[in-house]
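This briefing covers charged side chains and their partners. Please keep the sequence and the model at hand while reading.

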Amino acid sequence: MKKVLQLFLPLWLWTNLALAQQVIEGSVKDADGNPVVAATIVIKGTTIHTNADQNGHFGLSARKDPPFVLRISSVGFKAREIQITQLPASPLTILLELDNNLSEVVVTARRRSETAQEVSIPISVISGAAVEDAGAFNVNRVKELVPTVQLYSSNPRNTTLNIRGLGSTFGLTNDGIDPGVGFYVDGVYYARPAATTLDFIDIEQIEVLRGPQGTLFGKNTTAGAFNITTRAPSFTPGANFEVSYGNYGFIQSKTSVTGPISSKLAGRLSFSGTQRDGVLYNVATEKPLNNLNNLGFRGQLLFKANDNFKVTLAGDASSQNPDGYAQVFAGVAPTLRSEYRQFEQIIKDLDYNLPSRNPFDRLVDHDSPWRSGNDLGGISLNIDANFGAGTLTSTTAWRYWNWDPSNDRDFTGLPVLSKSAATSKHQQWTQEVRYAGNISSSLSGVIGVFAIAQDLKTDPVHTEESGAAQWRFSQSSTSTLWQTPGLFDGYGIRTTSRLKTFGAAIFGQLDWAITDKLRLLPGLRYNYDQKEVDFNRQTYGGLQTDDPALIALKRAVYTDQAFAADANDKNFSGQLTLAYKASTAINTFATYSTSYKPVGLNLGGLPTDNGRIMTELARIKPEYVKHIEAGIKTTPTPYSTLNVVFHNTNIRDYQAQVQTAEVGVNRGYLANAERVRVLGVELDGSLKVNTNLTLNGALAYTDGKYLTFTNAPVPLEETGGPTAFKDISGGILPGISKWAGSVSGEALSNTGTILGQNGRFFIAFDTYYRSSFSSSSSPSRYLNIPAYYLVNVRLGFRAMDGLSVFVWSRNLLDKDYFEQLLPAAGNVGHYAGVLGDPRTYGLTFRYKL
């Protein structure tokens with residue numbers, strides 16, 4: 001090795017000294033001839049760069065033989081690229097144009113590239129850079145930027161992602177139904193809601209589409225879609241490194257590296273890791289709870305044969321392993337049960353005291369461990385081939401989800417529900433083929449086929465087990481038999497189930513330019529869905545006895561259940577949009593659409609009626625959706641946008657997740673509400689005051705009601721009354737705030753320097769507000785979450801390339817708020833809360849090559 005170095009070192013030094021003499025000189029000016037101070041000049045695809053001085057002059061040692069591309073940029077100006085075929089003999093004079101206009105956001109929601117203001121769909125777009133700057137590293141934080149989005153999560157499996165209050169059932173998840181909000185990453189549909197809790201990995205852009213989207217996307221979506229695009233491999237070398245530190249031991253690291261492997265092959269490798277100490281404290285174990293422990297990887301290979309054919313192979317794996325998702329005691333609702341069956345009397349008899357009755361003390365004493373092992377990943381192959389006037393796209397994907405939880409569902413330190421663990425494994429296979437392009441000068445469209453197969457099974461069983469105090473919580477009479485020693489100790493259920501589903505669809509949408517200003521967009525979709533479930537639940541443990549009276553008491557808590565069910569359905573749905581572009585600054589549209597959510601199968605256990613298992617609830621009807629909306633998108637000035645949308649959705653046989661007082665159905669069960677209606681108005685806008693100041697805002701009014709729900713379960717406070725069901729027609733839907741809004745802004749300095757680097761200092765803020773909302777499927781006086789608002793801020797320095805650094809705080813005002821309220825299993829009156837994070841703050845370093 002030493003001889004090799006001695007041979008090549010002189011040659012290497014001579015070559016680099018020679019190239020160092022290749023200096024490109026010049027000056028950067030604006031249209032008026034004024035110098036552009038601190039403009040960045042870089043040889044594209046390399047790390048060779050320099051900055052203009054106070055007079056706009058620069059000198060760049062090329063260290064590279066032409067040809068190459070020189071890229072000149074400065075904040076507030078349009079970037080410019082110059083092809084250098086040979087070294088210039090005289091200094092260059094480079095003019096940059098001011099860029100005061102708002103950046104045109106390009107979206108692919110209609111399977112073609114167009115600006116967000118042109119597309120006749122209500123859509124919110126967030127760039128990857130905005131997501132990163134705001135610290136919105138998962139969907140739960142993105143909802144603070146898009147007021148029409150709601151996400152509720154008591155753990156990754158029990159996650160609800162809704163748009164305008166619709167999409168998935170509110171509460172604990174039942175695996176037997178489909179989500180109504182499609183979640184797509186690079187064209188791949190993610191079937192499990194747990195995916196929405198994972199950290200984003202190297203995001204380019206997030207498009208949030210509101211309203212049914214079944215004629216454009218493979219999987220039917222009754223309420224909207226998250227269309228996420230990651231950063232693609234590039235033939236230009238590049239890298240990003242980011243690390244953040246904060247209170248509660250917060251550490252987050254992100255890395256992305258990309259570049260060419262050969263002339264036709266490029267790769268990209270991305271990593272994200274997040275750790276944080278817990279924000280709750282268990283006084284029994286003397287350990288913090290609800291920490292973060294997330295890891296994610298994503299790798300991509302891009303083969304680009306030519307401009308007309310490319311293939312992308314991508315693989316990802318993400319893992320969450322926190323001691324987390326614990327809920328805190330939040331309050332007690334007096335029920336209609338006898339005094340001895342009230343929560344306060346029960347804990348008095350058991351000589352038990354809560355660690356705190358103030359949930360925002362963040363203290364618990366849970367005696368069962370909290371664990372949320374959430375592993376998700378997969379592989380996909382995407383092929384794009386240009387044919388004629390369009391593009392043929394094929395997306396093939398396989399994905400997996402492994403779930404390994406442990407929960408304390410009584411939310412106390414008492415041995416009541418000592419074990420709750422629904423370990424599961426899921427696999428999905430999807431295939432989508434679509435063609436998008438022009439048919440004639442006035443007609444274009446999309447047509448596609450889609451298929452999905454899913455296999456969800458217990459791994460190996462779902463387990464729920466009671467403890468020594470279960471008798472007192474389940475006691476329904478004054479008989480002393482309830483106090484029989486060991487009667488319920490270790491008494492539980494083990495469930496094995498398997499759900500197999502298959503779905504297929506043909507979908508398409510046309511875009512007919514009737515005139516230069518008037519367009520008609522009809523769309524049609526045919527769906528086929530098939531589901532099969534085999535459910536078997538067996539009791540075990542507790543006192544072994546032949547006494548019929550004691551057996552009856554045990555059966556009052558848990559029962560054996562077994563059933564097999566299958567369902568299939570086919571359906572036509574579609575949409576018709578009329579769009580009129582009055583001018584380049586005004587775009588209006590009106591849409592009528594129908595959609596449906598497939599038939600569902602109950603997988604959380606069935607309620608009983610006087611000991612009879614209600615097998616008629618094993619299947620629930622599909623949802624049928626009729627939806628209208630009208631909107632206007634305007635660009636009042638080159639520096640601003642203002643958009644307004646009105647929407648009205650009516651649903652027949654709405655799929656609701658409802659609670660029951662039975663311990664053995666502690667995740668609730670599915671039922672159909674006859675008719676539901678959601679209507680509202682949405683307003684959003686943006687303003688670029690000048691090159692230094694940008695403002696954005698959004699406001700949503702949403703009113704959701706059960707028009708007809710005659711056989712709904714009673715709310716928590718009416719448990720124990722003469723009937724277990726109630727007519728709640730006219731009641732409000734859960735999870736919907738009538739008012740929600742966000743305002744954000746960023747102010748920049750003209751110039752700035754840190755460690756010899758030129759850039760700009762900035763200060764930015766995001767605010768989010770939502771009014772009160774119900775946290776119960778049947779409206780309850782006790783399970784309402786008060787209004788709250790959040791303020792997030794950032795202050796720092798941003799360079800075009802090189803080092804950026806900023807300090808940040810989320811929930812700056814340290815607002816105490818609930819994200820969800822949950823009745824405990826058995827409905828004895830107490831309920832728990834999912835708490836929002838307290839104030840957090842930290843420091844982020846980012847380096848870009």
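The points below take the salt bridges in turn and then turn to one arginine in a loop. The model is predicted. It holds 36 salt bridges in total, and three of the pairs are described here along with one network.

**Asp133 and Arg798**

- Asp133 and Arg798 form a salt bridge whose closest N and O atoms are 3.3 Å apart.
- The two residues are 665 positions apart in the chain, so the pair links distant parts of it: Asp133 belongs to helix 2 (residues 128–133) and Arg798 to strand 49 (residues 788–799).
- Asp133 has a relative accessibility of 13% and is therefore buried, because the cut-off for that class is under 20%.
- Arg798 is partly exposed, at 24% relative accessibility.

**Asp455 and Arg498**

- A salt bridge joins the side chains of Asp455 and Arg498, with an N to O distance of 2.5 Å.
- This pair also links distant parts of the chain, with Asp455 in strand 29 (residues 443–466), Arg498 in strand 30 (residues 492–513) and the two positions 43 residues apart.
- Asp455 is buried, at 12% relative accessibility.
- Arg498 has a relative accessible area of 34% and counts as partly exposed, because this value lies between the limits of 20% and 50%.

**Glu718 and Lys726, and a network**

- Glu718 pairs with Lys726 in a salt bridge, where the closest N and O atoms are 2.8 Å apart.
- Both partners are partly exposed: Glu718 has a relative accessible area of 24%, and Lys726 has one of 31%.
- Elsewhere, salt bridges with shared partners join Glu132, Asp202, Glu204, Arg231 and Arg268 into one network.

**Arg341 in its loop**

- Arg341 sits in the loop that runs between strand 24 (328–332) and helix 4 (343–349).
- Although it lies in a loop, Arg341 is buried, because its relative accessible area of 19% is under the 20% cut-off.
- A polar atom of the Arg341 side chain lies 3.0 Å from the backbone oxygen of Gln475.
- With neighbours within four places in sequence left aside, the contacts of Arg341 are Ile346, Gln475, Ser476 and Val828.
- Gln475 thus appears both in the contact list of Arg341 and as the residue whose backbone oxygen lies 3.0 Å from a polar atom of that side chain.

Key:
Residues numbered from 1 in each chain as written. Predicted model: local features only at pLDDT ≥ 70, side-chain atom pairs only at ≥ 80, totals over all residues. Heavy atoms only, no water. Helix = DSSP H or I, 4+ residues; strand = E, 2+ residues; numbered from the N terminus. Buried < 20%, exposed > 50% of the residue type's maximum accessible area, 1.4 Å probe, protein only. Polar contact = N/O pair within 3.5 Å; in protein donor to acceptor, adjacent residues only side chain to side chain. Contact = heavy atoms within 4.5 Å. Salt bridge = Lys/Arg side-chain N within 4 Å of Asp/Glu carboxyl O.
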